[in-house]
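I opened this notebook to keep track of what I looked up, entry by entry, and in what order. I wanted the overall fold on record before turning to the ligand, the helix pairs and the backbone.

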Amino acid sequence: MAERRYLHLNLVANDLNLHQGAYKYERAQGIAERGTFERLLEYGRFGDEGLFTALFVGDIPGMQGSPAFDGGPAEPITALTAISQHTEHVGLIATASTTFYDPYNLARLLASLDQASDGRAGYNAVTSVIDRFALNYSLENHLDREARYHRADEFLQVLRGLWDNRSLRRDPDGLTRFYAEPIDHRGPLFQVSGPLNIAPSRQGRPLIAQAGGSGSGIRVAAKHADMVFTNSSTRASAAIYRETLDKALVEEGRAPGSVPPIPGLIPYLGRTTKEAEEKLRELDSYVDWEPLAPFALGQFGIEVPLGDMADPFPVHLLPRPEDVEATIKSTFGNYVGLYNWIEERPGVTVREVVAQAVGRGGATHRKFVGTYDELVDDFADWHEDGNVGGFNLMFSAGSAAIREFIDEVVPRLIDRGIYRSTPADRLLRERF
Ligand SMILES: Cc1cc2nc3c(=O)[nH]c(=O)nc-3n(C[C@H](O)[C@H](O)[C@H](O)COP(=O)(O)O)c2cc1C
């Protein structure tokens with residue numbers, strides 16, 4: 001009998017995706033302030049308790065210079081290595097930029113996380129979009145999108161080569177020893193001899209995830225990834241993404257359906273829809289939106305003059321996604337999500353658009369406002385379509401919202417038969 005297909009839920013496990021009002025909201029709830037690593041270890045405990053497939057830690061490789069994204073949280077591999085010592089089951093997926101790292105260094109760091117966690121490590125390969133960050137890494141300019149993906153492709157080739165050329169063997173004297181072969185990679189961008197000097201974990205090498213939704217991003221994912229982090233905000237766009245990815249997988253000689261897309265989702269929940277809406281309103285009320293206005297569209301490199309915060313948003317000035325696809329700065333999929341959200345709300349105010357674009361969980365991933373049962377129905381519908389492997393969940397209201405999800409939604413998902421009721425005991429790479 002075919003194995004039952006469960007929904008994968010990853011917990012996005014640092015504060016990058018918090019609502020801008022989350023810290024004040026936590027204080028209003030009587031939740032004590034915690035330091036960065038206390039918060040990280042708390043994410044770890046929630047990860048195991050909520051039976052999440054993995055913790056997913058994004059990264060901003062520099063100071064964003066905006067009050068919306070301060071780049072404060074710890075470096076992901078360091079964070080997850082600490083968490084690995086306080087968790088048992090949850091996978092640990094760290095984001096790092098192929099544009100700014102050196103592949104041999106990153107191969108060592110991630111292989112070490114894989115050892116520390118006994119085979120629960122994953123790597124989310126991103127190419128990064130903020131031009132200014134290049135100046136932190138001895139580069140004169142940020143590479144353009146195509147160049148970044150050429151580098152990502154060769155980078156992942158080197159990484160996999162280094163990881164795959166290792167083995168643990170039991171020798172005739174009864175001792176297990178680590179063996180590794182050189183790779184002698186001579187490419188246009190990297191010249192790496194190897195071998196890698198860190199032994200493999202029980203899963204051989206870390207899982208590889210990819211985040212970046214343009215055509216070149218999808219080609220890199222089809223070649224190297226075991227899962228992809230996407231930003232489909234509707235079931236229809238998830239179906240289109242799935243079709244595109246499957247086509248690319250076939251071109252790479254891989255089976256269609258073998259790499260699950262995992263879109264981001266930001267839930268705002270309550271016992272009633274009204275309660276959920278009130279929570280979001282309360283969070284919004286803690287933020288001064290005006291200084292964030294320039295970042296709403298500025299993150300995409302789009303300049304639209306915004307008047308009074310209470311004015312209707314000037315929709316007629318908003319470029320159509322198809323006209324900016326080639327030139328857009330930040331993630332194209334995020335822009336499409338925001339564009340559709342604005343289109344669907346005639347008369348929406350400047351304040352609402354600013355809040356949606358930068359305040360309610362960072363980038364414009366799908367935001368769900370509703371009851372526990374409505375979220376379970378929503379998950380069941382997406383699961384039934386079969387176009388996603390699950391969701392990367394970002395709890396923008398902070399720890400109270402994760403607690404609520406574990407107490408209220410997880411049991412309902414298990415009852416519905418679409419979520420595991422016991423911890424994932426397989427090696428991370430075998431889970432997706
Ligand atoms: C869902 C998603 C998550 C991402 N997370 C990060 C991140 O944590 N750090 C980062 O530097 N870039 C991140 N990126 C940016 C991508 O690496 C990439 O640079 C950007 O999406 C532009 O490429 P694209 O047009 O192929 O999407 C993310 C992109 C997507 C789609």
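The entries below go from the whole chain to single residues.

**Entry 1, the chain as a whole.** I noted before anything else that this is a predicted model, and I kept that in mind for every value that follows. I counted the secondary structure and found 15 helices and 13 strands in the protein chain. The radius of gyration came out at 21 Å, close to the 22 Å that the globule rule gives for 432 residues, so I recorded the chain as being as compact as a globular protein of that length. For the outer dimensions I took the principal axes, along which the C-alpha atoms fill a box of roughly 75 × 50 × 45 Å.

**Entry 2, the ligand shell.** Which of the 22 residues around the ligand come nearest? I listed Gly58, Val126, Gly212, Ser214 and Gly217 as the nearest of them. I then asked which elements give two or more residues to this shell, and these are β3 (91-97), β10 (227-230) and α11 (332-343). Sorting the shell by class gave me six nonpolar, 14 polar and two charged residues.

**Entry 3, helices α2 and α3.** I went on to the helix pairs, since two packed helices are described by the angle between their axes and the distance between the axes. Helix α2 (residues 36-49) packs against helix α3 (residues 76-84) at an angle of about 60°, and their axes are 9 Å apart. The two are therefore oblique to each other, as the roughly perpendicular class would begin at 65 degrees. I recorded the crossing of α2 past α3 as right-handed. On the α2 side the contact is made by Phe37, Leu40, Leu41 and Gly44, and on the α3 side by Ala79, Ala82 and Ile83. By class I entered this contact as six nonpolar residues and one polar, with no charged residues.

**Entry 4, helices α4 and α5.** How many polar residues are in the contact of α4 with α5? I started from the geometry, in which helix α4 (residues 103-116) and helix α5 (residues 145-164) pack at an angle of about 50° with their axes 9 Å apart. That makes α4 oblique to α5, and I noted a right-handed crossing for this pair. Pro103, Tyr104, Leu106, Ala107 and Ala111 of α4 meet Phe155, Val158, Leu159, Leu162 and Trp163 of α5. I found no polar and no charged residues in this contact, which has 10 nonpolar ones.

**Entry 5, helices α6 and α7.** The axes of helix α6 (residues 215-224) and helix α7 (residues 235-251) come within 8 Å and cross at roughly 55°, which makes α6 oblique to α7. I entered the passage of α6 past α7 as a right-handed crossing. From α6 the contact takes Ile218, Arg219, Ala221 and Ala222, and from α7 it takes Thr244, Leu245, Ala248, Leu249 and Glu251. The classes here are six nonpolar, one polar and two charged.

**Entry 6, the backbone.** I looked for unusual torsions last, knowing that most residues other than glycine have a negative phi, and most peptide bonds are trans. Leu51 has a positive phi, near 60°, although it is not glycine, and I placed it in the loop between α2 and β2 (54-57). The peptide bond from Gly194 to Pro195 is cis, with omega near 0°, and Pro195 lies in the loop between β8 (191-192) and β9 (207-211).

Methods:
Residues are numbered from 1 along each chain as its sequence is written. This is a predicted model: local features need pLDDT of at least 70, side-chain atom pairs count only at pLDDT 80 or more; totals for chains, interfaces and linings use all residues. A residue is near a molecule or strand if its C-beta atom, placed from the backbone, lies within 6 Å of it. Helices (H or I, at least four residues) and strands (E, at least two) are DSSP runs, numbered from the N terminus. Ala, Val, Leu, Ile, Met, Phe, Trp, Tyr, Cys and Pro count as nonpolar, Asp, Glu, Lys and Arg as charged, and the others, Gly among them, as polar. Axes are lines fitted to C-alpha atoms, for helices over the stretch in contact, and angles run from 0 to 180 degrees between N-to-C directions. Angles under 35 degrees count as roughly parallel, over 145 as roughly antiparallel, 65 to 115 as roughly perpendicular and the rest as oblique. A crossing is left-handed if the near helix is turned anticlockwise from the far one by less than a right angle, and right-handed if clockwise. Two residues are in contact if their C-beta atoms, placed from the backbone, lie within 7 Å. The radius of gyration is taken over C-alpha atoms; the globule rule is 2.2 Å times the number of residues to the power 0.38.
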